[in-house]
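Welcome! Here is a short briefing to help you find your way around a structure that is new to you.

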Amino acid sequence: MVVNWDDFETDKDLLTVSNSIEFVPKTKDNGTVLIIEGLREGWSDAMIKRVYRYTSELLQPFPLSKRKRNKKKVLLMGI
């Protein structure tokens with residue numbers, strides 16, 4: 001998804017703002033790549049680490065394959 005943050009001006013009706021979905025070829029079999037570019041301000045290391053921490057805590061929206069879930073169950077039961 002491509003977000004143009006200039007569209008989110010102060011006092012603008014959010015219902016008039018739209019974002020575009022851009023399809024790009026996969027570079028990996030699994031996972032998500034989050035690209036943040038064109039920043040208006042510099043980011044400190046602490047800010048980058050905070051974004052990483054928050055995004056890494058996002059939940060998997062769809063269950064993993066049965067094979068992967070079964071492996072997790074075995075590992076948990078063995079603890």
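What follows is a brief overview, then bullet points by topic.

This is a predicted model, in which local features need pLDDT of at least 70, side-chain atom pairs count only at pLDDT 80 or more, and totals for chains, interfaces and linings use all residues. Residues are numbered from 1 along each chain as its sequence is written, and side-chain values use heavy atoms, with hydrogens and water left out.

**Overall picture**

- The protein has two helices and zero strands; helices (H or I, at least four residues) and strands (E, at least two) are DSSP runs, numbered from the N terminus.
- Of its 79 residues, 1% count as buried, where buried means under 20% relative accessible area, exposed over 50%, and partly exposed in between (1.4 Å probe, protein chains only).
- About 8,500 Å² of the protein is exposed, and carbon and sulfur atoms supply 58% of that area; accessible areas come from the Shrake-Rupley method with a 1.4 Å probe, and for residues only the protein chains shown count as cover.

**The largest pocket**

- The largest pocket holds about 1,700 Å³ of space. On a 1 Å grid over the protein atoms alone, a pocket is an open set of points where a 1.4 Å probe fits, with protein on both sides within 12 Å along at least five of seven lines; lining residues have an atom within 4 Å of a point. Grid points are joined across faces, edges and corners, and a volume is the space filled by probe spheres set on the points.
- Its lining has 36 residues, and M1, T32, V33, L34 and I35 lie nearest the centre.
- Helix α1 (residues 45–56) gives the largest share of this lining, three residues.
- By type, the lining residues are 19 nonpolar, nine polar and eight charged; Ala, Val, Leu, Ile, Met, Phe, Trp, Tyr, Cys and Pro count as nonpolar, Asp, Glu, Lys and Arg as charged, and the others, Gly among them, as polar.

**A nonpolar surface patch**

- L34, I36, L39, W43, M47 and I48 form a nonpolar patch on the surface, together offering about 530 Å² of accessible area. Patch residues have over 30% relative accessible area and no salt bridge, and nonpolar side chains (Val, Leu, Ile, Met, Phe, Trp, Tyr) are joined within 5 Å.
- L39 sits in the segment before α1 and is partly exposed, at 42% relative accessibility.
- The C-alpha atoms of L39 and W5 are separated by 9.9 Å, with the two residues 34 apart along the chain.

**The salt bridge**

- The count comes to one salt bridge, meaning a side-chain nitrogen of Lys or Arg within 4 Å of a carboxyl oxygen of Asp or Glu.
- D6 and R40 form this bridge through their side chains (2.0 Å, N to O). The pair links distant parts of the chain, 34 residues apart, with both D6 and R40 in the segment before α1.
- D6 is partly exposed at 46%, whereas R40 is exposed at 64% relative accessibility.

Definitions and conventions:
Patch = residues over 30% accessible without salt bridge, like charges linked within 9 Å, V, L, I, M, F, W, Y side chains within 5 Å.
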